[in-house]
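Ready for some practice with charged side chains? Take a look at the model, then work through the exercises one step at a time.

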Amino acid sequence: MEARLPAHLEVSALIRRVNAEGGFATVLAKGEHDAGTILAVLSHNGSGLRLYERMPELDGTRRWRCARTQDPEDPFEFQDYVDRRRHQDPDVWIVELDAADAERFIGVEPGAG
């Protein structure tokens with residue numbers, strides 16, 4: 001098993017990295033201080049929304065996986081999904097990272113999630 005940073009430290013580090021490189025990052029929902037799940041809403045200039053979360057792998061690691069992308073035909077469905085996730089798990093952190101190639105901040109190659 002991988003050692004985990006406390007959720008609040010990981011979220012803070014993500015926000016600082018994105019902001020330091022000229023992007024925009026903010027917390028959309030605060031979760032459990034130390035062990036909350038982190039969902040990352042990625043975009044570039046507010047469009048092309050993608051939702052990433054860490055999923056457990058068979059080897060015990062947890063890798064970021066794209067759980068949802070915004071459908072241009074139904075733009076409200078993405079936010080509805082994020083809202084449902086928040087209501088299902090009040091301990092979840094939701095952080096928005098808006099930058100070019102935002103996947104790089106979570107260690108994912110763009111298009112590989």
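Let's start with one residue: Arg85 is buried, because its relative accessible area is 13%, and buried means under 20%, exposed over 50%, partly exposed in between (1.4 Å probe, protein chains only). This is a predicted model, where local features need pLDDT of at least 70, side-chain atom pairs count only at pLDDT 80 or more, and totals for chains, interfaces and linings use all residues. Residues are numbered from 1 along each chain as its sequence is written, and side-chain values use heavy atoms, leaving out hydrogens and water.

**Exercise 1.** Find the side chain that meets Arg85 in a salt bridge.

Step 1: Know the rule: a side-chain nitrogen of Lys or Arg lies within 4 Å of a carboxyl oxygen of Asp or Glu.
Step 2: The partner is Glu53, at 2.5 Å, N to O.
Step 3: Arg85 sits in helix H2 and Glu53 in strand S3, so the pair ties together parts 32 residues apart in sequence. Helices (H or I, at least four residues) and strands (E, at least two) are DSSP runs, numbered from the N terminus.
Step 4: Glu53 is buried too, because its value is 9%.

**Exercise 2.** Work out which residues Glu10 touches, leaving aside neighbours within four places in sequence.

Step 1: Look in helix H1 (residues 7–20), where Glu10 is found.
Step 2: Using contact as heavy atoms within 4.5 Å, you get Leu5, Ile38, Arg54 and Trp64.
Step 3: Arg54 also forms a salt bridge with Glu10, the closest N and O atoms being 2.3 Å apart.
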